Amino acid sequence: MTESNRKPAARKAARPRKKAKPAEGRPQVAPPPSVPSLEVDAVERPSDADVAARIRELETKMDEMMVEHARERESQHDLDDGPRRRLSTVPPARPSAPVMPEGMLDTARELLSTDFYLRKWGRLGLRNRSEEVDEFGHDPVYEGKVRPFFDFLYDRYFRVEAHGVDRVPAEGRCLLVANHSGTLPFDGMMLRMAVQKEHPRHRDVRWLAEDLIFHFPFLGSFSNRVGAVRACQENAERLLDSGALVAVFPEGMKGIGKLYKDRYRLQRFGRGGFVKLCLRTRTPIVPVAILGGEETNPMLARVEYLTRAFGIPYLPVTPTFPLLGPVGLLPAPTKWKLFFGEPLDLQGYGAESADDEILVGRLTEEVRAAIQAMLDHAVGERRSVWFG
Amino acid sequence: MPTRSNEAAQLARTDGRNRVVAVTGAAGFLGSNLVGSLEEDDRIARIVAIDPNPVTTAGRKTRTYAVDLTDPTAEARLAEILAAERVDTIAHLAFLASPTHATAWAHELESVGTMHVTVAARHAQVRKLVMWSHTWLYGARASNPNFLTEKHPLRAPAGEPYFADKLEAEEQARKLAQRSPGVVVSILRTAPILGPTVHNAFTRYLARKLVPTMMGFDPLVQFLHEVDAIAAMHLAVLRDTPGTFNVVGDGVLPLSTVIKLAGRVSVPIPHPLAETIAAVGWVAQLVEAPPSFLRYLRFLCVADGDKARRELGFTPAYTSREALLDFVSAQRLRDVKLLSENPA
């Protein structure tokens, strides 16, 4: 063993330029502190006598180290044969040859990891999107492209104010439960924006949207790319299992479809599916009240006659909609306020309590009442629909 | 004592080197590759390839029988062969990878053929049946969850013969599992298979220069690499895991990204119009699939491969995106006529 180690060292001695390298490249042999400076000297000042002396010095040092090392190994050798196997494989692995390609690969990886290369030479047509979306279809690059529009809606148009965002936990799964409003639901996106902008940890909210929008062309795939997920138990459970922050609107279609005269009066909260889900997955609930959404497209009447034939449940009638055509669907610039309530911790209940219908009903009502109270308070405080 | 000898026999059959595996549809893509990979597996003693067409991958261990499953006498012949060869496991892969105009023949092959196989398997007391199925049988719907598990009902358009036959075939396999509890029945539902050598409805769709899409719809899709598909079949032959498994690659891609990565141009068509065009095109044999397949260009049909990972121990080597890129690299050569092969 010692012999095979010595051979390359002897060969090195004949070539003064590279002499220090073997000691450097061999991980087991800890180089003495003087070696790096020696190398620098040798490269900078190739005075022959000096170099020869230093080579000899270094050689003896290395030999000493090798002998020492071999002794160490022999003592270890008795204990287990792991180090011995390593010893036999190390000498042929000359430090100069295999290191180079690896280093080059690293630089290529580094180049790819910066956005520059992809931006400049990325696959044709893929510059406006990521090559890979997450498993629920959210595309961060695409969202970045449309972000200015939503920023405008958030900052300038609806002038959203968020109160108590820090009640949303900094990490871990959590369910935001909010009231649903507006003929065209912007509330999911605004809730996402609010948490992303105002929360200290800038968390990502995935909101669960009605099936209906996934039937429509453009609307479904667009909302999916910017973060909406179809509302169903399986999706919610999978999201919560991955520790995501999920927003639900338990009123569902009944929330969007309520008339202006019923504004800010919460509808039935489904069958309490969200509470069962939270009990099963032990997820805390944060109630959220959204003020301002109801006045964006105040619905005066619903026309349900013949609309099924077109695949929509009803035709909304607002002061502007059928009258001005599609332009009438533009939301009114109302002032929006988001209120985040106290988190409801369900840790105390076991997973089996999800089957307890009385408990589920009570908790559902508790959440509903919390949101309704926040809404009533906010509506009472509000002086103007447009300026808050 | 009898239990011990039974156990020993079981062990000898599953673990020993005298296992005999029959492969139906052995000349098809999955079949021929499975025969080839089993050839090199020491744990398999003999392979019985069943296909009317010559099996090119057949080697030293393989015996080929030219049995046509659409033949009315197929059942008796199969039972005879299975018993004579003392077959332990059947890999039933005689299914069509793309829809055909010969619907009556396809029905005989897939639905009735599976009946022949299951009945013959009971006759010959075969211990295990591994069957190939498709995640598309879940059906593409706007109301699907993002990840369909094996518990989800199969809601493929039943009016379409291509799906109806496969649904019936799965039903037959499940019946076999119910009627003879000793038989291990594994059904592997694969996602659309992509790769450098495979040919099916989806590769033909992506081979077009202009790829039709549904205007305003951009569903998430997933793929399985052909190597993973073969590996999953091989794994199911080796391991005794009864049940249904989704075999899918990791990750999902929007369809529009798939088309861009394939270097194709998408042609968005409003979906009511597309139904008509597809119906006419299918009758005129200009398009590769009947109009009922258009749903898969509009809605989600993505399956969750978690159960296969846990119980079957199958981990895909390629993600959906890698499978697509591997297919694309071969397709580029085909585009410039540098690569040509007979579709399997």
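Biologist: In this predicted model, is the crossing of α3(B) and α4(B) left-handed or right-handed?
Modeller: The crossing of α3(B) and α4(B) is right-handed, a name used when the near helix is turned clockwise from the far one by less than a right angle, whereas an anticlockwise turn is left-handed. Helices here are DSSP runs of H or I with at least four residues, and strands are runs of E with at least two, numbered from the N terminus. The model is predicted, so local features need pLDDT of at least 70 and side-chain atom pairs count only at pLDDT 80 or more, while totals for chains, interfaces and linings use all residues. Residues are numbered from 1 along each chain as its sequence is written, with chains lettered from A and ligands numbered from 1 in the order in which they are written.

Biologist: Why is α3(B) called oblique to α4(B)?
Modeller: Helix α3 (residues 74–85) and helix α4 (residues 103–123) of chain B pack at about 40 degrees, with their axes 8 Å apart. That angle makes α3(B) oblique to α4(B), because under 35 degrees counts as roughly parallel, over 145 as roughly antiparallel, 65 to 115 as roughly perpendicular and the rest as oblique.

Biologist: Which residues of α3(B) meet α4(B)?
Modeller: In α3(B) they are A74(B), E75(B), L78(B), A79(B) and L82(B), where contact means C-beta atoms, placed from the backbone, within 7 Å.

Biologist: What makes β1 and β4 of chain A edge strands?
Modeller: Seven strands form an open sheet in the order β1-β9-β6-β2-β5-β3-β4 (chain A), and β1 and β4 each pair on one side only, pairing being at least two DSSP bridges between two strands. By that rule β2(A) and β6(A), joined by four bridges, run parallel as a pair.

Conventions
Axes are lines fitted to C-alpha atoms, for helices over the stretch in contact, and angles run from 0 to 180 degrees between N-to-C directions. Two residues are in contact if their C-beta atoms, placed from the backbone, lie within 7 Å.
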